[in-house]
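Let's take a walk through this fold, starting with a sheet and ending with charged side chains. Keep the viewer open as you read.

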Amino acid sequence: MKPRRVLISAGEASGDLYAASLAARLKRAWPEADFYGCTGPRMRQEGVRTVVDAASLAVVGLVEVVAHIPRIYGEYRNLIAAVRAERPDLAILTDSPDFHLRLAARLKEMGIPVIYLVAPQVWAWRKGRLGTMRRVIDQLLCIFPFEEEFFRTNGIRATYIGHPLSALARTSLSRTEFFKKHRLPADRPLLVVLPGSRRGEAARHLDTLLEAVNRLYQIQAASFLLPASVTTGAAFFRERISRAPIQVIEGETWDAIGHADLALAASGTVTIEAALLGTPMVTFYQVSPVSWVLGRRLVKVPFLSMVNLVAGRKIVPELMQREFTAERLTQEASRILGDQSARERMKAELAEVAERLSIGTDPMDRALSAIETVLERFGKKEEAIHV
């Protein structure tokens with residue numbers, strides 16, 4: 001069964017990247033299919049038709065999301081209206097579970113097969129979602145190695161496809177070429193500053209990061225580079241850090257991370273990118289005090305950085321909430337920069353994480369195989385109903 005029409009939806013920058021990669025693979029397999037849905041810039045580049053802009057869903061924090069609920073609900077209704085007008089043969093929902101599990105329930109009621117790419121992190125918190133997932137998801141595509149067994153044990157069809165970034169995160173320039181392009185002194189260490197891919201989280205982190213960068217610059221001659229994400233834009237940062245010794249560039253994130261001696265990274269997808277590129281890092285994150293208190297009561301994992309969770313032990317520093325101060329960030333960065341053996345040890349441990357995130361082939365090939373199995377199953381079911 002080759003679908004004629006596919007709904008594909010993502011709610012933030014990382015989801016947009018993964019969904020775009022999957023859309024590209026599916027388009028090669030199903031060249032006649034029409035793809036539409038909730039899209040980001042990368043999905044649009046792959047020819048996915050936009051019904052809703054993914055940027056309208058990119059909100060983080062239990063409290064922070066409240067003010068945006070009316071807008072998000074409006075986008076949900078827009079997607080449902082599009083599904084009614086152009087019924088898809090298949091739906092692929094990526095991450096953003098608060099939005100997509102609700103959408104999946106409606107799609108399931110309509111008899112549309114639901115593929116879910118990037119599992120909701122119910123192994124960490126909100127295990128009550130497992131019942132909903134069992135009812136509304138026909139195939140879960142997991143990107144972390146420990147997830148497949150967890151979800152299968154809980155009665156959910158799950159397949160570990162490998163992390164999509166394992167086939168994508170690469171440098172395009174040599175270190176010499178990259179340093180020359182951005183006029184970076186070859187004899188200075190390079191620190192890449194990664195405050196977050198959304199404007200809200202970047203703004204929360206920026207003041208502390210700027211103070212830490214100024215302190216580090218006084219201690220050691222170093223270069224600081226901030227690669228602005230597509231969703232945030234370089235202008236957003238240039239307006240706010242004009243006096244800091246940080247060079248802001250548009251994109252080139254993987255080259256910036258891959259050629260850096262150290263990354264100051266907001267906890268999230270970018271830490272996985274740093275691990276795959278072998279760059280030592282200090283991770284951090286901060287939300288509103290109320291969101292933090294509520295979240296810590298619900299989250300039941302030993303680490304908050306995904307790199308440490310995949311490793312099963314603490315290999316990168318985590319500066320979360322109150323620990324995220326300019327003083328602590330400066331201390332951790334100075335310690336790693338000043339200790340070559342510590343950097344090499346961290347690199348070796350990050351290489352182990354990278355190996356666990358890779359399956360040796362393109363994750364989207366495995367995703368296609370799992371999706372085709374679902375379509376075959378649905379095809380047989382419809383045939384039996386017809387008979």
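Contact here means heavy atoms within 4.5 Å. Helices (H or I, at least four residues) and strands (E, at least two) are DSSP runs, numbered from the N terminus. What you're looking at is a predicted model, where local features need pLDDT of at least 70, side-chain atom pairs count only at pLDDT 80 or more, and totals for chains, interfaces and linings use all residues. Residues are numbered from 1 along each chain as its sequence is written, and side-chain values use heavy atoms, with hydrogens and water left out.

Start with the sheet. Two strands pair if DSSP finds at least two bridges between them. On that basis, six strands make an open, parallel sheet in the order S10-S9-S8-S11-S12-S13. Strand S10 (247–250) and strand S13 (318–320) are the edges, each pairing on one side only. From one strand to the next, the twist averages 20°; for angles, axes are lines fitted to C-alpha atoms, for helices over the stretch in contact, and the values run from 0 to 180 degrees between N-to-C directions. Zoom in on S8 and strand S9 (residues 223–228), and you'll find a parallel pairing over three bridges, with Ser223 of S9 as the bridge partner of Leu190.

Two helices lie across this sheet. Helix H8 (residues 199–219) crosses S8, S9, S11 and S12, at about 140° to S12. Helix H14 (residues 326–337) lies across S8, S11, S12 and S13, and runs at about 165° to S12.

Now for helix H11 (residues 269–277), home of Thr271. Buried means under 20% relative accessible area, exposed means over 50%, and partly exposed is in between (1.4 Å probe, protein chains only). By that yardstick, eight of the nine residues of H11 are buried. Their packing partners are strand S8 (190–194), helix H10 (253–258), strand S11 (262–266), strand S12 (281–285), helix H13 (306–311) and helix H15 (340–356). Thr271 itself is buried at 0% relative accessible area. Leaving out residues up to four places away in sequence, Thr271 touches Ala265, Ala266, Met281, Thr283 and Val307. A polar atom of the Thr271 side chain also lies 2.6 Å from the backbone oxygen of Gly268. Just after H11, Gly278 takes a positive phi of about 75°.

What about disulfides? With the criterion of a pair of cysteine sulfur atoms within 2.5 Å, the count is zero. Cys38 is buried, at 0% relative accessible area, and Cys142 is buried at 0% too.

Charged pairs are another story. Call it a salt bridge when a side-chain nitrogen of Lys or Arg is within 4 Å of a carboxyl oxygen of Asp or Glu, and the count comes to 20. Lys108 and Asp138 form one of them, at 2.6 Å, N to O. Lys108 sits in helix H4 (residues 97–109) and Asp138 in the loop between H5 and strand S6 (139–142), so the pair ties together parts that are 30 residues apart in sequence. Lys108 is partly exposed at 29%, whereas Asp138 is buried at 7%.

Glu148 and Arg152 also meet in a salt bridge, at 3.6 Å, N to O. They are separated by about one helical turn because they are four residues apart in helix H6 (residues 147–153). Finally, Glu12, Arg198 and Glu201 are linked in a salt-bridge network.

Terms used. A polar contact is a pair of N or O atoms within 3.5 Å; within protein, one must be able to donate a hydrogen and the other to accept it, and residues adjacent in sequence count only if both atoms are side-chain atoms.
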